[in-house]
Amino acid sequence: MSKKREFISGDEAVAIGVKLSRPHVIAAYPITPQTITVERLSEMVERGELNAEYMHVESEHSAISAAMGASAVGARTFTASSSQGLLYMTEGLHYASGGRFPVVMMNANRSVALPWSIYGDQRDSLSLLDSGWIQVYVEDAQEALDMMIQAFRIAEHPDVLTPMMVNLDGFILTHTYEIVEIPEQSQVDAFLPPFQTPNKMCFNNPKNMGFSSQPNDNTEFKYQQNLAVLNAVKVLEQADTDFATMFGRKYNGMVDEYQSADAEVLLVTLGSVTGTVRDVVDEMRAEGHKVGVIKIRYMRPFPEEQLQSLTAKAKAIGVLEKDISFGYEGTVYTNVNSALAKVGNTVPKLNFVGGLGGRDISKADIRNMFLKLQRVAAGEAYKTVDFFNLNVETNE
Amino acid sequence: MSDIKDIIKDENLVYKKTKVLTDNVMHYCPGCSHGVVHKLVAEVIEEMGIQEKTIGISPVGCSVLAYNYLDIDWQEAAHGRAPALATAVNRLHPEKYVFTYQGDGDLASIGTAEIMHACNRGENIVVIFINNAIYGMTGGQMAPTTLEGMKTATSPYGRDIKLNGHPLIITELIAQLPGTSYVTRQAVHTPAAVRKCKKAIRKAFENIGQKKGTSFVEVVSTCNSGWKLSPVKSNEWMVENMFPVYKPGDLKDE
C-alpha cells in the first residue's frame, strides 16, 4: 500500500496530527505564528471532517480554562498558543497540571516582550518548565505531526495524567513546508485508544474536581505530581517504540544523537536548529573533526541519565540554546550542567546563547562553536556564557 | 505652461500633512481605516497644540506599530491592558493628554475587563476603538465583534450565534457606565464621515482638558485583507452590514 504524503507547513502538520487523534474539544485564541493550526482545525470542524467542539474564546486565559473544564468531563482536549499567549495562560497551566488534566497543547516557540517581537526563540516555554507540564521539542513537521498523536497517549496514561506541551520553533517550523507522511486513521486509532480517565465528573460517581489543600497535605499532592512526570519517562519511551512498530518512525524517546559515540566535542541542542547542526557535523567529519550532536527532545521529564552516558567521553561540551535566564545562564545549560555534575563530569561546558527574537543561526556559527570547543578542549581559557553573533561591542 | 516651481508657493498651499505624522511609510494594507484615523488623531493633536503633552498607549494588533507614525510619546501594553497602563500614566501625569488606541480584538475580547473598569472609574483619558469585526493582524479570525453569518478564517461557514454568541456591542455597554462622559460611534468611509470623525476625536481630547472623565470614540472600520474585499467594496460592505449592528452616532455627550 502506498503511503499518503502531503506538502504542508508545520502548523498544518500539527492540525492533521490533532485531527487524527480525534479530540472532543479544541479551545484556542489566535496568536502568530500558531494561528494556522487552529484555523485548519476550525475548518475541519465546520466541514464536518472532525467531530469536535471548536470553542472561540476571548483570551488564552479562557482557552486553558475551557480546556481544563472539557478535560474534567472526560473529553480529549487540545489547545494551542505561543509566546505572550502562553504566558497569559500561566495560571491555568498550573491549574491543569495540579488538577491532573491531560490537555495537549501545541506551542509555537516565539520571543517574549518587551521588546515586542513575533519571531522565534525558546524563552516562552523554557520559562515555564516548572508549570508541571511535560515538554517535548520537535525538529521538523513530520515529528510535529507524530508527536501530537503520541502526546495524547503519553498525557492520558493512567500513571501520568499530566498535560503535555509540544513545542515547535516559530516560523522555522510553523511556516515552512515539508513533505509529511500522513498516518492512516485506522492505525492511529489502534495506537491511541479513546480517552479513559477516573479523574472526571460523573453522575454515577459524583465528586468535587477542585479543592483547597492545607499544609498537612499540600506536599503530598506535589510529591504525586512530581512522580507522575517521572512516570512519563517509561510511558513516552514505550509510546516511541510502539509508534515505530506501527508507523516506522522512531524518535529515540528522551534524546536523539548524531555521531556522538566517538565525538571529542559535542553540541547539545533543542528543536529545529538540530537539523543544521547535523549538516555541519557531516561537513566537519568529512574534514576529520570528531564532532557530534545530542538533541534533547524532552525538557520535562529531563533526560538526566541519557545525557550522563552520552557525554561521558567528550572533552568539551557546548549547549546551544535560544534562551537566557537573565543574570545567570541559559536554562537548558543549567539543566544539562546539573545532570553532568551529579556524575562528576568536569570537562569544560560552554553555553552558546543566540538566535533570540528570530535571528538566524547559520552553519558558519555552528562550525565556530565546534572549533571553539576544540580549542577549549585543548586548554584555551573560556567564558561559560557566550552570546554569539552579538552586534555590539562589549568590554567583557 | 508654468513651471512647477512657480506653483509651489505658500499662498497656493491648500493641504499640508500634519507634522505630528512622521514620514514613515505605513505598514497598513491599502484601504485600511487605521491610516485615516492615525491622521485624524495627529491633526487634532497638532491643532490643539498638545504634541508635547500627549501620551499614547498602543495595543497589540495591527496598530502595535503606531509609534512609527505619530510623533508623540508612546508606551506599549500587553494585549488588552492599555486602559490599565493609561490609568497609571494619567494618574501620575494628570495634566497630560493620555489616550489608548485599541482594536476590537484588544479592547472587546482579551481586554474586556480593563476597558470596563477604566471607563467605570471615569479615568480622564481618551479611548480610540477601531472596530473592524475581525482579528486583522493574525490573519482574519473570528472576533467577539464578528457579525452573525460573517465568514472568517476560524468561521469559514459564517458565525453561528448558537455556537459563538452574538456580536459584542461593547460601546453601548460602555455608554451605560457613569464614568464615561462622551461615547460616540464614527466611521471614515466618506469625506463627510472623516470630517465628522475628526470633530468627535477633537471633542474627546478637549474633554481631557475639562477633566470630564473617559471619552470613548469607536470608529467602525474596514479590514479589506481580512474581509477579502477591495477597499471600495469593503466600504460598501461596512455600510450595508456593519452599520445596522454598529449604528453610527453619539451614544452619550454630557
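Biologist: Hi! What separation do you get between the centres of domain 1 and domain 2 of chain A?
Modeller: Hello! Taken over C-alpha atoms, the centres of domain 1 of chain A and domain 2 of chain A are 28 Å apart. Keep in mind that this is a predicted model.

Biologist: Sure. Where do the two domains of chain A run in the sequence?
Modeller: Domain 1 covers 4-247 and domain 2 covers 255-387.

Biologist: And how many residues of each are in contact?
Modeller: Domain 1 of chain A brings 29 residues and domain 2 of chain A brings 26. Together they bury about 2200 Å², with carbon and sulfur atoms giving 55% of that area.

Biologist: What about salt bridges and polar contacts across that interface?
Modeller: The rule finds five salt bridges between the two domains of chain A. It also finds 15 residue pairs in polar contact, both residues at pLDDT 80 or more.

Biologist: Which elements does domain 1 use to touch domain 2 in chain A?
Modeller: At least two residues each come from α6 (123-126), β6 (134-137), α7 (141-156), β7 (164-169) and α9 (218-247) of chain A. The largest share is from α9(A), with five residues. By class, that side of domain 1 of chain A has 17 nonpolar, five polar and seven charged residues.

Biologist: While we're on chain A, which side chain does A:E139 meet in a salt bridge?
Modeller: That would be A:K295, at 2.9 Å from N to O.

Biologist: Nice. Switching to the two chains: how many residues does each give to the contact?
Modeller: Chain B gives 23 residues and chain A gives 20. The area buried between chain B and chain A is about 1600 Å², 60% of it on carbon and sulfur atoms.

Biologist: How many salt bridges are counted there?
Modeller: Zero between chain B and chain A. There are nine residue pairs in polar contact between these chains, both residues at pLDDT 80 or more.

Biologist: Which parts of chain B touch chain A?
Modeller: β2 (73-76), α4 (104-110) and α6 (161-164) of chain B each give two or more residues. α4(B) has the largest share, three residues. This side of chain B is made up of 10 nonpolar, 11 polar and two charged residues.

Biologist: Last topic: at what angle do α3 and α5 of chain B cross?
Modeller: Roughly 35°, with the axes of α3 (residues 82-92) and α5 (residues 112-121) of chain B coming within 8 Å.

Biologist: Which residues make that contact?
Modeller: From α3(B) they are B:P83, B:A84, B:T87 and B:R91, and from α5(B) they are B:E114, B:I115, B:A118 and B:R121. Sorted by class, that makes four nonpolar, one polar and three charged.

Definitions and conventions: Residues numbered from 1 in each chain as written. Chains lettered and ligands numbered in written order. Predicted model: local features only at pLDDT ≥ 70, side-chain atom pairs only at ≥ 80, totals over all residues. Heavy atoms only, no water. Axes fitted to C-alpha atoms, helices over the stretch in contact; angles between N-to-C directions. Helix = DSSP H or I, 4+ residues; strand = E, 2+ residues; numbered from the N terminus. Contact = heavy atoms within 4.5 Å. Nonpolar A, V, L, I, M, F, W, Y, C, P; charged D, E, K, R; others polar. Domains from an automatic or database assignment. Buried area = accessible area lost by both parts, 1.4 Å probe. Salt bridge = Lys/Arg side-chain N within 4 Å of Asp/Glu carboxyl O. Polar contact = N/O pair within 3.5 Å; in protein donor to acceptor, adjacent residues only side chain to side chain.
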